[in-house]
Amino acid sequence: MLRIVAALAALAAATASPMWEKVSRAPKFETIDFTVATPISNAEGLQAAFDAVSNPGSSKYGMFMTKAEINEMTATPGWMKNEVLTWLQSHGHSCSARSDSIKCRGSVGAVEKMLSARMHTYQHKKSGDLVHQLDGSYTFPASMEGKIDFVSGLQGFPAEHLGRARKVGAGEQFTVPETLVSTYNLQGAKGSSSITQAAAEFQGYPAYAQDDLTTFIQQTAIPTFSIAKKIGPFNGNEPQPESTLDVQYLGAVGGGNTNWYWTEQGWMFEFAQDLMNAGESGTPDIISMSYGWDEEDQCQISPSAPPCAGGGVAGSKAFVTRVNSEFAKVGLNGITLAASSGDSGAHGRTDPMCQNPVTSPAYPAASPNVLAVGATQFSAASIKTGGSSPFCKSNTCKMGGDEIVCSTKTGALIVSGGGFSNVASTPSYQSSQVSAYISGSGVPAAGDFNATGRGYPDVAALGHAYYIQLNGEAMAVDGTSCSAPVFSGVLGLLAAKKGGKLGHVAPLLYKIYEADNSAFNDVTQGDNFCTESSCDCTTGFKATKGWDATTGLGTPNFPKLAAGMAKVLNL
Ligand SMILES: *[C@@H]1O[C@H](CO)[C@@H](O)[C@H](O)[C@H]1NC(C)=O
């Protein structure tokens, strides 16, 4: 059966996505949704307020603002928004304005006419999914120049989620909740029902199955939990590996917290906008995101940038800059965003065969306004096995070992993403750690990475051979997709200890590290030169003592992390 994926994201340009095949002109009367980003006001004020509430050294630390206050601060001037709205409505679209964006639903024919453009229907070679996308040239009227940052939803293919689920292999040694409890010293850590944590899923990956969750809880002998609230489209008959992994491990690690589940039809811009328009109690405190793509392939159509296929970097920079501001709003409201660092090393999925020595950062991990989470695995020689849950009685479970960078070179199916943004500069909260790393021998030649950029990941967690229960079967998964929900669960436990929201948490974690290095298990072995497909790469980043662009500060040592937080925040 074919499924129409209606809302499209800011991802690879048509020419750059071999999995999608053009099948026909898009039918004129087909309905499509898109979002128009109108410029924000007061970007500097937003950044300053965000930095102050996020920095434990500031007198405003933790003094989060309400969504209404933030939306008012950044609102597009009314006259400007009205001109854009009038233009959109004159083309017959049905639109509603928010403080600094306009959401519209229209027909393919009306969009084509409005932008003098053509839309085509593309089909995914494996799944058969169809998307309608604007390809080739487009034209905005000169009167819209400077009044629209970009239009999101008309160009680009749905995001690839990062988790790779597979049938269980012979001799498989699993990572299970017990592994995480013993490796990260989570024994006795308690959540709180007043802390809400959520997995966010994007585009075509909308569901987990309750039966699988029930079996997972029973098999792994973890305290039972349920999903208190589901937001966005949900079809429980079609469980997906990414959603299943996220729900099972976020709830397992962040035990005792309240779990929500959020699906988003669009990509990062729509998500941030939906969060900021969900009402003060309509959003979770901590959000885990396991999706991403190259920072320079985030292009959207825009009156002020050339078409993506011909000059995508300018369009991508405009998009990334704006979405970084969107993440600042979300953090200023007290919401914590955690993002997987990517599964294909320093080169990413756009350069899977490492044809270019220049490394490619992934987004949203490369945003300084999210916590980016990389992946580790145990070195083969160090693995201890055991476990007392029903699952571990009939399978081999890992109970500990020495953590190294997760890589295909050492038997994993993915390589921990990491590197430096080409859009955002190094934020002050990480500058001393990053400059120490750059002056060492872990980095490639100066031209192959951006030494002035935001370095990621910030932290890491295990990312190899997780047991998940999917569609009635035990499956194994690798990915920074495992690491993000696990670290988010740890953040949920920290928030419960603090007794409230953590907001943008990276500055706090660097401060804790600087107060007590042993709050993190430092990963010093391995690198992220390889991609998922090739180990012939000559450039990448090496793990070193201290922060590095493979596993950040390291993996959590929970009791020390909690004690460090209490010390830094004078709790
Ligand atoms: C490097 O990053 C900075 C932001 O820190 C950016 O302004 C610059 O354009 C980037 N350089 C390249 C070559 O992309």
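The exercises below, each with a worked solution, concern a predicted model.

**Exercise 1. The annotated active site**

Task: Find which residues UniProt lists for "active site", and work out what the largest C-alpha distance is.

Solution: The starting point is the record, an unreviewed UniProt entry, which lists Glu-242, Asp-246 and Ser-481 under "active site". Along the sequence these residues are spread over 240 residues, yet they cluster in space, since the largest C-alpha distance is 7.5 Å. The next step is to place them in the fold: Glu-242 is found in helix H7, which covers residues 241–253, and Asp-246 also has its place in helix H7.

**Exercise 2. Accessibility and contacts of two listed residues**

Task: Decide whether Glu-242 is buried or exposed, do the same for Asp-246, and then state which residues Asp-246 is in contact with once its neighbours within four places in sequence are left aside.

Solution: A residue counts as buried when its relative accessible area is under 20%. Glu-242 has a relative accessible area of 0%, and therefore it is buried. Asp-246 has a relative accessibility of 0% as well, so it too counts as buried. For the last step, leaving aside the neighbours within four places in sequence, the contacts of Asp-246 are Ala-199, Glu-201, Ser-290, Ser-481 and Pro-485. One of these contacts, Ser-481, is itself among the residues that UniProt lists for "active site".

**Exercise 3. Two helices that cross**

Task: Describe how helix H12 and helix H14 cross, and say which residues meet where they do.

Solution: Two packed helices are described by the angle between their axes and the distance between the axes. Helix H12 comprises residues 480–498 and helix H14 residues 558–568, and their axes come within 10 Å and cross at roughly 40 degrees. Because of this angle, H12 is oblique to H14. The crossing in which H12 passes H14 is right-handed. Turning to the residues, H12 contributes Val-490, Leu-493, Leu-494, Lys-497 and Lys-498, which meet Phe-558, Leu-561, Ala-562 and Met-565 of H14. Sorted by character, the residues of this contact divide into seven nonpolar, no polar and two charged.

**Exercise 4. A glycine in helix H14**

Task: Establish whether Gly-564 is buried or exposed, and what distance separates its C-alpha atom from that of Ser-226.

Solution: Gly-564 is found in helix H14. Its relative accessible area is 7%, so Gly-564 is buried. Gly-564 and Ser-226 are 338 residues apart along the chain, and their C-alpha atoms are separated by 31 Å.

**Exercise 5. Backbone geometry in the loops**

Task: State what omega is for the cis peptide bond from Tyr-363 to Pro-364 and for the one from Tyr-456 to Pro-457, and then examine the positive phi of Cys-354 and of Asn-471.

Solution: Most residues other than glycine have a negative phi, and most peptide bonds are trans. The bond from Tyr-363 to Pro-364, however, is cis, with omega near 15 degrees, and Pro-364 lies in the loop between strand E16 (362–363) and strand E17 (371–378). The bond from Tyr-456 to Pro-457 is also cis, with omega near 0 degrees, and Pro-457 lies in the loop between strand E22 (453–456) and strand E23 (459–462).

Cys-354, although not a glycine, has a positive phi of about 55 degrees, and its place is in the loop between strand E15 (336–340) and E16. With 14% relative accessibility, Cys-354 counts as buried. Asn-471, likewise not a glycine, has a positive phi of about 55 degrees and is found in the loop between strand E24 (466–470) and strand E25 (473–478). Asn-471 is exposed, with a relative accessible area of 56%.

Note on methods:
Residues numbered from 1 in each chain as written. Predicted model: local features only at pLDDT ≥ 70, side-chain atom pairs only at ≥ 80, totals over all residues. Heavy atoms only, no water. UniProt positions renumbered as here; feature names shortened; annotations may be inferred. Helix = DSSP H or I, 4+ residues; strand = E, 2+ residues; numbered from the N terminus. Buried < 20%, exposed > 50% of the residue type's maximum accessible area, 1.4 Å probe, protein only. Contact = heavy atoms within 4.5 Å. Axes fitted to C-alpha atoms, helices over the stretch in contact; angles between N-to-C directions. Parallel < 35°, antiparallel > 145°, perpendicular 65-115°, else oblique. Left-handed = near helix turned anticlockwise from the far one by under 90°. Nonpolar A, V, L, I, M, F, W, Y, C, P; charged D, E, K, R; others polar.
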